[in-house]
Amino acid sequence: MAGKVKWVTDIEKSVLINNFEKRGWIQVSESDDWNFYWMSVQTIRNVFSVDTGYRLSDEQLVNHFPNHYELTRKDLMVKNIKRYRKELEKEGSPLAEKDEKGKYIYLGTVCAGLDLGPPYLLSDQMYYKNLMYKWVNSCKFLAASSGKEAYVISLYIDNPLLIGGKKFDLRLYVLVTTYRPLKCYMYKLGFCRFCTVKYTPSTSELDNMFVHLTNVAIQKHGDDYNHVHGGKWTVSNLRLYLESTRGKEVTNQLFDQIHWIIVQSLKAVAPVMNNDKHCFECYGYDIIIDDKLKPWLIEVNASPSLTSSTANDRILKYNLMNDTLNIVTPNGEIPDCRWNRSPPKEALGNYQVLYDEEQAQSDGAERDLRSRSGQALGPKSCRANTLRPVPATWK
């Protein structure tokens with residue numbers, strides 16, 4: 001398509017703007033005709049507000065779904081996952097299977113999913129002190145009607161996997177181009193964020209943020225913060241470490257479970273997500289691993305930070321933006337939302353297809369047809385009756 005992409009952003013980050021300029025795109029103002037708008041979550045509310053009456057054209061693309069908060073707000077994520085579980089139970093799906101204690105075997109690894117019933121009310125004085133097994137998050141229920149605040153209570157993982165005696169979590173990037181049918185991509189260059197002080201379960205250190213909270217915004221103020229590597233490890237380094245200490249098979253199972261959690265969280269919100277054809281979203285998934293190598297979903301971020309804390313961090317985020325743009329705007333051309341965004345494999349860069357619902361359904365129909373005709377299904381047949389999507393839809 002002829003012409004240069006006209007772009008706007010209200011997020012002034014070099015890793016983003018440099019990618020626009022590299023493509024020869026033209027910067028315009030919000031009041032001008034634009035094709036691509038990388039915006040904050042606050043701005044997206046205004047764009048899709050019924051009060052503004054703004055309608056996007058087929059040649060306009062934005063980086064958030066209108067109600068992305070169904071996944072990225074913890075209270076709504078919990079509500080949607082609970083609904084998803086109940087629907088699977090009604091269908092008799094094996095995904096909703098429970099153990100002898102009544103806990104979900106396959107859908108129970110969401111930290112924010114502590115079943116509280118109605119909104120749990122507590123005063124600020126109760127916060128998280130002396131609640132070693134719980135963690136109070138800042139996400140508030142909008143339905144609070146009393147003088148107290150309503151919070152989401154998350155299970156606190158008090159047995160985290162430690163490396164060098166320090167707690168860490170994973171930041172993984174997931175790109176969703178459509179929810180119905182669901183199609184998402186996993187970015188291979190995620191990273192681990194480490195605390196600067198060795199972990200201890202002692203209640204005397206419960207208020208020490210440098211022991212418990214991995215956020216770089218917090219850790220960079222610690223005396224032991226390393227400004228060279230920023231307290232980060234690449235996911236590939238984590239894999240090598242785990243393969244050498246726990247074994248390759250166990251490590252592969254761990255990452256398979258992480259992929260599983262991400263896909264199920266997206267499936268849980270897909271029915272309620274406004275699947276606007278003008279939208280895509282790059283989410284930041286935060287995952288923590290316990291000492292039994294069980295992954296837990298902490299939260300999902302709609303606007304993962306594009307601020308660079310180190311040189312390697314900047315390279316990673318620049319490449320993340322580059323690969324994201326290659327998928328959502330193939331060949332850097334003016335978008336046309338009437339087209340299906342299905343880039344060729346060579347355009348994926350460091351992304352890999354995590355789940356493709358259309359392909360999964362097609363593969364399932366083919367397996368069903370071949371099994372009815374008595375044909376052998378080959379090596380993939382051993383996975384046909386498992387509870388996970390077939391490998392082709394993940395990698």
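**Helix α7 and the α1/α9 crossing**

In this predicted model, the buried residues of helix α7 are covered by a set of elements that includes the strands β8 (162-163), β9 (166-179), β11 (191-194), β12 (232-234) and β13 (281-289), along with helix α8 (248-269). The residues under that cover are Val235, Leu238 and Leu242, all buried, in a helix that spans residues 235-245. Looking down the axis of α7, these buried residues sit within an arc of 55°, so they line one face of the helix. The spacing fits a familiar rule: an α-helix has 3.6 residues a turn, so residues three or four places apart point the same way.

What does the other side of α7 look like, the face turned away from its buried side? That face carries Leu240 and Ser244, both exposed. After α7 comes Gly247, which has a positive phi, near 105°.

Now for a pair of helices. Two packed helices are described by the angle between their axes and the distance between the axes. For α1 (residues 14-22) and α9 (residues 311-328), the axes come within 9 Å and cross at roughly 45°, which means that α1 is oblique to α9. The crossing of α1 past α9 is right-handed. On the α1 side, the contact is made by Ser14, Val15, Leu16, Asn18, Asn19, Phe20 and Lys22; α9 brings in Arg314, Lys317, Tyr318, Met321, Asn322 and Leu325. Sorted by character, the residues of this contact between α1 and α9 come out as 6 nonpolar, 4 polar and 3 charged.

Conventions. Residues numbered from 1 in each chain as written. Predicted model: local features only at pLDDT ≥ 70, side-chain atom pairs only at ≥ 80, totals over all residues. Heavy atoms only, no water. Axes fitted to C-alpha atoms, helices over the stretch in contact; angles between N-to-C directions. Helix = DSSP H or I, 4+ residues; strand = E, 2+ residues; numbered from the N terminus. Parallel < 35°, antiparallel > 145°, perpendicular 65-115°, else oblique. Left-handed = near helix turned anticlockwise from the far one by under 90°. Contact = heavy atoms within 4.5 Å. Nonpolar A, V, L, I, M, F, W, Y, C, P; charged D, E, K, R; others polar. Buried < 20%, exposed > 50% of the residue type's maximum accessible area, 1.4 Å probe, protein only. Arc of directions from axis to C-beta.
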